[in-house]
Amino acid sequence: MLPTESVDTARLPPADRWPYWLEVTGRAAAPIAMSSEHAAEFRGSARLVDLGGVSLTRFRYQSLSGRRTPRLIRQADPGIYQLALTLAGSSGISARRQHTAVGRGAFTLIDYGRPYELVHTADGARREAGALTVVIPRALLPIPPARLDRLTAGRLSGSEGMGALVAQHLDRLIRHPEQFTAAEAPRLAGITVDLVAAMLAGHLDADNALPVDVRQQAMLTRVLAFIDRHLGDATLTPQVVADAHHISVRTLHRLFADEPETVAQVIRRRRLERCRRDLADPRLRGRAVQAIGWRWGFTDKAHFSRAFRAAYGMSPQSYREAEELARTVNPVTPQDNDPPAYWPLTG
């Protein structure tokens with residue numbers, strides 16, 4: 001799996017929790033002057049995923065504030081940007097004599113080479129705040145820092161357009177690092193940088209200034225996300241995908257020229273993967289096999305059976321029975337955080 005580290009201050013004596021949290025957050029990006037009214041027995045947890053030069057972190061914590069001061073910048077400028085998505089609570093950032101509220105589901109771009117102050121307040125029944133961040137070296141983003149200055153310490157949507165796609169991509173990586181190998185980390189880092197660059201360029205109306213390969217990677221990721229969202233549509237074809245992205249089918253096929261599968265093969269494989277997952281799900285044991293095939297775009301029973309057998313070496317019904325037998329022999333207790341049967345997989 002991807003190199004991952006999980007930390008939880010609850011495992012430490014109260015007096016050790018806040019110093020440990022400062023050390024963890026400093027490793028996640030760069031040292032900042034941090035304070036919290038809960039410092040005496042701070043509760044916080046984090047998961048860090050290292051892609052090699054690009055790092056992701058998901059935080060859960062009590063209310064806190066942090067400042068990147070001129071003194072800290074003089075001591076060390078790590079040359080990084082941090083793109084932070086607010087997951088829970090209310091946050092705001094102050095920089096360049098202005099304050100911006102950054103609510104749940106919104107990004108803010110932070111330049112660690114410039115002073116700022118960030119406040120994140122917990123709310124809700126659990127009384128905790130949460131954020132998902134990605135740290136990217138300035139040198140990797142193909143947009144001049146002078147242009148990106150217009151976006152730093154502002155509010156960027158994480159629920160629509162490229163922002164939603166970036167949020168979904170980061171969430172997938174941080175939640176399921178076990179679905180990828182360590183050898184895939186460099187490619188995932190490149191995809192992450194390209195998506196973030198495309199998102200930021202869109203806010204600057206500078207899409208055409210991006211390198212061709214960055215634009216192509218961003219378009220490929222958008223296409224794959226569209227396919228995943230529409231797998232249940234039996235009419236999903238390369239033509240439909242191309243029309244939805246305002247490109248020709250020929251351009252769409254060129255986009256996949258260096259990929260291991262064609263567009264049609266991707267649609268077919270991902271539909272079969274969803275069917276296989278549902279057939280193995282004990283929560284769906286009462287749903288007819290054909291109903292599962294229909295759910296994921298297979299409207300012909302015989303075609304569904306042939307395609308499934310070709311991919312997995314047995315019929316859908318036989319696969320379901322084999323999975324049920326395996327659970328009987330080796331029962332597994334479901335976890336509270338297991339994704340539901342309709343969990344949207346991408347990438």
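This is a short talk on how two domains meet in one chain, and on two residues with unusual backbone angles.

Okay, so before anything else: what you have in front of you is a predicted model. Please keep that in mind as I go.

Let's start with the layout. The chain is split into domain 1, residues 4–208, and domain 2, residues 212–329. If you take the C-alpha centres of domain 1 and domain 2, they sit 33 Å apart.

So how many residues of each domain are in contact with the other? On the domain 1 side there are twelve, and on the domain 2 side there are nine. Putting domain 1 and domain 2 together buries about 800 Å², and carbon and sulfur atoms account for 65% of that area.

Now the specific interactions. Between domain 1 and domain 2 the count is one salt bridge. Do have a look at Glu 259 and Arg 187, whose side chains form a salt bridge, with 3.7 Å from N to O. As for residue pairs in polar contact between the two domains, with both at pLDDT 80 or more, the count is zero.

Which helices build the domain 1 face? Here I'd point you to α4 (161–175) and α5 (185–203), each of which supplies at least two residues of the side of domain 1 that touches domain 2. Of everything on that side, α5 gives the most, with six residues. By type, the residues on that side of domain 1 come out as seven nonpolar, two polar and three charged.

Right, on to the backbone. There are a couple of residues I'd like you to click on, and neither is a glycine. Take Ala 153: its phi is positive, about 60°, although it is not a glycine. You'll find Ala 153 in the loop between α3 (145–148) and β12 (156–157).

Then there's His 246, again not a glycine, with a positive phi of about 55°. His 246 is in a loop too, the one that runs between α7 (238–244) and α8 (249–255).

Buried or exposed, then, for Ala 153? Ala 153 has a relative accessible area of 7%, and the cut-off for buried is under 20%, so Ala 153 counts as buried. And His 246, buried or exposed? Its relative accessible area is 75%, and exposed means over 50%, so His 246 goes down as exposed.

That's my tour; happy to pull any of it up on the screen.

How values were computed: Residues numbered from 1 in each chain as written. Predicted model: local features only at pLDDT ≥ 70, side-chain atom pairs only at ≥ 80, totals over all residues. Heavy atoms only, no water. Helix = DSSP H or I, 4+ residues; strand = E, 2+ residues; numbered from the N terminus. Buried < 20%, exposed > 50% of the residue type's maximum accessible area, 1.4 Å probe, protein only. Domains from an automatic or database assignment. Contact = heavy atoms within 4.5 Å. Buried area = accessible area lost by both parts, 1.4 Å probe. Salt bridge = Lys/Arg side-chain N within 4 Å of Asp/Glu carboxyl O. Polar contact = N/O pair within 3.5 Å; in protein donor to acceptor, adjacent residues only side chain to side chain. Nonpolar A, V, L, I, M, F, W, Y, C, P; charged D, E, K, R; others polar.
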